[in-house]
Protein chains: 2
Amino acid sequence: MDPHLLRTFVTVADCGSFSAAAERLGYTQSAVSQHIATLESDLGTPLLRRRPVVPTPAGERLLEHAGPILLRLDAARADVRRTVADPPSTLTLAASPLAARSLATALAEVRRTYPGTETSLTVCGRDQVVAGVAAGTFTLGLVDGIATPTDPLNLTNAVQLRTTSVAHDTLVVALPTTHPLARPGRRLSLGDLADARWIDAPDLAAPLATLRAAAGSNALRPAFTYNGTDLHTLLTLIGSGHGLAVLPRSALTPDVAAVPLTTPRLVHRTELLHGHLSDPTAEAVATALSDHE
Amino acid sequence: MDPHLLRTFVTVADCGSFSAAAERLGYTQSAVSQHIATLESDLGTPLLRRRPVVPTPAGERLLEHAGPILLRLDAARADVRRTVADPPSTLTLAASPLAARSLATALAEVRRTYPGTETSLTVCGRDQVVAGVAAGTFTLGLVDGIATPTDPLNLTNAVQLRTTSVAHDTLVVALPTTHPLARPGRRLSLGDLADARWIDAPDLAAPLATLRAAAGSNALRPAFTYNGTDLHTLLTLIGSGHGLAVLPRSALTPDVAAVPLTTPRLVHRTELLHGHLSDPTAEAVATALSDHE
DNA sequence: ATGGCCGATCAGAGATACTGATACACGTGG
DNA sequence: CCACGTGTATCAGTATCTCTGATCGGCCAT
């Protein structure tokens, strides 16, 4: 199970095509076909059904493992490189959209201590933050998400990365101000909202899939899916009645109503992610953020 | 970073010798030397200091990743095989010593439902249980350990394995009955015991390293190390005054005294580990165990 | 029916990964 | 301090592997 073969397999499964995967990987279609054949004969079972190209059950099992394995290999390489290379001159940060907001004050503090620091901040999806920090593309990452009050975030791929909790906030249901449930003092449980019109904004707010898992319910169907990272757009959508979403209280503006979410008991949490820190500047940011709790 | 190279690297680091690793792996010394050279030139840094053979800091980083990566590769292979192969006729179980005790009643129940089931039980160290279940050597594993009351066990290598809590018990300090602290109604915190004579039995009782981490203390030095899995021997050692150890209450016999451990707040927990279960018998054991909570 | 698309297969060239032999370096014991 | 022995590095050669490019064959859409 050569990592090259795994990478090819993942790419083929992702593309749904041998030829497309070949192009993306810079191989010939022939090579890709041989890669998959090698894997299949090694494991003794078909991994993909052809035409159309779909993973078999065995292929699905392998896919579950292949991604994390490849990520971990990158993380290993990055970790080794970090112990050798001298610390980078620019501080490379990544954050998921709602986590980025915790950064400004902490960064200001660091700027005072290390005035010459060049900084780069990338806002992207949670998985990309985790993958990027693991692979060494980013020095530090900030990821937000929901969790039970006592548990840390469940960052499946974050093995071998250090995490520190940097902030938490209560979760609220964001509603149009005119919504009948938007009365002051009102509290809600997810059960009350099983049949509501939901906006699923998985890169920005609490993903509906996560809420379903936490509620143990199979309801909560999205009426509207927002694939974007812009908070203002989401709030506008909510405000104009396209649906509701679960957000940390501090993310809301006055033009949408916030009703605290009581059950299941969940909080919004922001965590700092990093590998081994040899860079004093990065370490300063890390401690500045942790202290700000 | 071919897995073969990683395996060689791990073996060399473990043996402390190229030639010994070569023999263990069935290669020539020349091949091993070339493997390491390839890895080092790929990563652009020395990984081992030679003569004596010791990992460099970069090598240590890589070692931290290499083991889990290789384990995960095995787990992937095992997971794929499981979806293809028909369920094994004998139920292969593994358990850490103190976890094995939860098995008997559950197994009896299964024997009633599936009378023809052949069973094999291996008792071994916690890590070996986790590795064996991941690699598919065992169908089910039971691991015990200590954790805070709300958290699950911290099974670092158990990625992609399902875990279910099957039992918990209060932790007590086991002392000779004649010990001055062994008064009825007495309660203890780890801080009180910083300077006590400890028996470290990492494969059997709560490892001192774990207790140190939980207490946040650097005290707790072992006066006696017991590398073994036999509970009776450990209790005898404790009873005859060689030192004390932290154990689940239910493990003790009347010839040693038990004083509840109050701080840090920890419990003894037993968890069931398994991959994807296709085997109905294994599933029966799994549910029988979970229900027994 | 037929053309286009896509995956499988095949043969051959280049790269790789071993072995066995040998050179070299370090730590040790005299 | 030198010589020896143990243990790693290097080298050359061969067997194997892994690509490419060409070709075949099957399925679907027109």
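Two strands count as paired if DSSP finds at least two bridges between them, and the strands themselves, like the helices, are DSSP runs numbered from the N terminus (at least two residues of E for a strand, at least four of H or I for a helix). With that in hand, take Val172(A), which stands opposite Leu247(A) in strand E10 of chain A. The model shown here is predicted, so local features need a pLDDT of at least 70 and side-chain atom pairs count only at pLDDT 80 or more, while totals for chains, interfaces and linings use all residues. Residues are numbered from 1 along each chain as its sequence is written, chains are lettered from A and ligands numbered from 1 in the order in which they are written, and side-chain values use heavy atoms, with hydrogens and water left out.

How confident is the predictor in chain A? The score to look at is pLDDT, the predictor's confidence in each residue on a scale from 0 to 100. Chain A averages 84, and 97% of the residues score at least 70. Within chain A, helix H1 (residues 3–15) comes out highest with a mean of 94, and helix H10 (residues 280–291) lowest with 74.

Next, the two protein chains. Two copies of a chain are related by a rotation about an axis and a shift along it. Here a turn of 180° with a shift of 0.0 Å along the axis lays chain A on chain B, with an RMSD of 0.1 Å. That is the relation of a two-fold axis. The superposition is by least squares on the C-alpha atoms of residues with pLDDT of at least 70 in both copies. As for where the chains touch (contact means heavy atoms within 4.5 Å), 100% of the interface residues of chain A are also interface residues in chain B, so the copies meet through the same surface.

Back to the strands. In chain A, strand E6 (residues 162–176) runs antiparallel to strand E12 (residues 267–274), and eight bridges join them; Thr170(A) has Val267(A) as its bridge partner there. E6(A) is also joined by four bridges to the antiparallel strand E10 (residues 245–248), and by five bridges, again antiparallel, to strand E11 (residues 256–263). Val172(A), already met opposite Leu247(A) in E10(A), also stands opposite Pro260(A) in E11(A). Chain B has an E6 at residues 162–176 too, with eight bridges to the antiparallel strand E12, where Ser165(B) is partnered by Glu271(B). E6(B) pairs antiparallel with E10(B) over four bridges, Leu171(B) standing opposite Pro248(B). With E11(B), E6(B) makes five antiparallel bridges, and Ala174(B) stands opposite Ala258(B).

Now for the DNA. A residue is near a strand if one of its heavy atoms lies within 4 Å of it. By that rule 18 residues surround DNA strand C, the closest being Ser19(A), Ser33(A), Arg50(A), Thr28(B) and Ser30(B). They divide into four nonpolar, eleven polar and three charged, where Ala, Val, Leu, Ile, Met, Phe, Trp, Tyr, Cys and Pro count as nonpolar, Asp, Glu, Lys and Arg as charged, and the others, Gly among them, as polar. What do these residues reach? Of the atoms of DNA strand C within 4 Å of the protein, 58% belong to sugar or phosphate and the rest to bases. A polar side-chain atom of Ser19(A) lies 2.4 Å from a phosphate oxygen. On the base side, an N or O atom in the side chain of Gln29(A) is 3.0 Å from a base nitrogen, and a polar side-chain atom of Ser30(B) is 2.6 Å from a base oxygen.

DNA strand D also has 18 residues around it, with Thr28(A), Ser30(A), Ser19(B), Ser33(B) and Arg50(B) the closest. For this strand, 52% of the atoms within 4 Å of the protein belong to sugar or phosphate, and the rest to bases. A phosphate oxygen of DNA strand D lies 2.6 Å from a polar side-chain atom of Thr28(A), and one is 3.0 Å from a polar backbone atom of Phe18(B).

One last detail sits in a loop. Most residues other than glycine have a negative phi, and most peptide bonds are trans. Arg51(A), in the loop between E1 and E2 of chain A, has a positive phi near 55°. The peptide bond from Arg51(A) to Pro52(A) is cis, with omega near 0°. In chain B, a cis peptide bond joins Arg51(B) and Pro52(B).

Definitions and conventions
Polar contact = N/O pair within 3.5 Å; in protein donor to acceptor, adjacent residues only side chain to side chain.
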